[in-house]
Amino acid sequence: MSRRILIAGNWKMNSAPEGACTESSVYHSTEHVDVAVFPTFLDLEECIAAGILTGGQFGHPEAHGAHTGDISMAMLKDNGCSMVLCGHSERRDHHKETNAHVAQQAKAALEVGLHPIVCIGETEAEREHNEQEDVIRRQMADLPLNADITIAYEPVWAIGTGNTATPEQAQEIHALIRSLLPEERTESTRILYGGSMKPSNAQELLLQPDIDGGLIGGASLEPEAFGEIIAIAEQLSQDN
Ligand code: PGA
């Protein structure tokens, strides 16, 4: 496979797992697999100091100003982050982030040299009405798809619920996402799957041709489980 697998841990509003921010923890890239973590803003510095590929869970597109509680893309970059999540479904839901705002975030991240991982995916109601393709198209419409970004397909009904998408369901949407990329990015853009990924289902998901890694919430807070997923990814990469 030409794309290196990326296994990313989204720690959400949880403290770093014990021992995670050290040079010997499992949260480090391996020979064939990129590993990144997205801690709370308070734990960024320690993760970066431990040599971990680290990103913010959110960055405001404006460089500074009257945005209480926010932090800017430029600040994340200046403090040593290399990546940032844009438009996680919890941000879209709880903080009313729109597709337009998420696209602004991704563009602002690129401008300061941060790699954006843009999260997209349909809700349970949208899937029940068979609207998932339209939702994905709308969520991708304004994104800077011709730049070096990563897309994470995270069906909202699979996040934190234990209801993982089947490999077939995930592959179907991943193939759609890839088909919407500009030709020069079709092969190189990584598309991650997120939503209850764990050691027991990681292999079948990562074996799908258009799934290039995972954005992992719950299981990323358990070093052992996260390490198992990385080991599965490493083995698959070696087999290829
Ligand atoms: P989950 O979360 O693995 O706990 O489902 C994934 C995410 O929200 O990124």
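Two strands count as paired if DSSP finds at least two bridges between them. With that in mind, open this predicted model and start at strand β8.

Select residues 213-216, which form β8. Colour Gly 213 and Leu 215 as one side and Gly 214 and Ile 216 as the other; all four are buried, so both faces of the strand are covered.

Add β1 (5-10). This strand runs parallel to β8, and four bridges hold the pairing. Pick Ala 8 and look across to its bridge partner in β8, Leu 215.

Now show β7, residues 191-194, which is parallel to β8 and joined to it by two bridges. Here Gly 194 is the residue opposite Leu 215. Include helix α8 (residues 199-206) as well: β7, α8 and β8 form a right-handed β-α-β unit.

Next, turn to the aromatic rings, of which the structure has three pairs. Select Trp 11 and Tyr 27: the ring centres are 5.2 Å apart and the planes stand at 90°, so this pair is edge-to-face. Both residues lie in the loop between β1 and β2 (33-38), and the contact ties together parts 16 residues apart in sequence. Trp 11 and Tyr 27 are both buried.

Keep Tyr 27 and add Phe 226. Their centres are 5.1 Å apart with planes at 20°, so this pair is stacked. Phe 226 belongs to helix α9 (residues 223-239), so the pair links parts 199 residues apart in sequence. Phe 226 is buried too. Ring pairs thus join Trp 11, Tyr 27 and Phe 226 into a cluster.

Finish at Phe 58, where Arg 91 lies over the ring face, 4.1 Å from the ring centre.

How values were computed:
Residues numbered from 1 in each chain as written. Predicted model: local features only at pLDDT ≥ 70, side-chain atom pairs only at ≥ 80, totals over all residues. Heavy atoms only, no water. Phe/Tyr/Trp six-rings, centres within 6.5 Å; stacked < 30°, edge-to-face > 60°. Buried < 20%, exposed > 50% of the residue type's maximum accessible area, 1.4 Å probe, protein only. Lys NZ or Arg CZ within 6 Å of the ring centre and 35° of its normal. Right-handed = clockwise from strand over helix to strand, strands pointing away.
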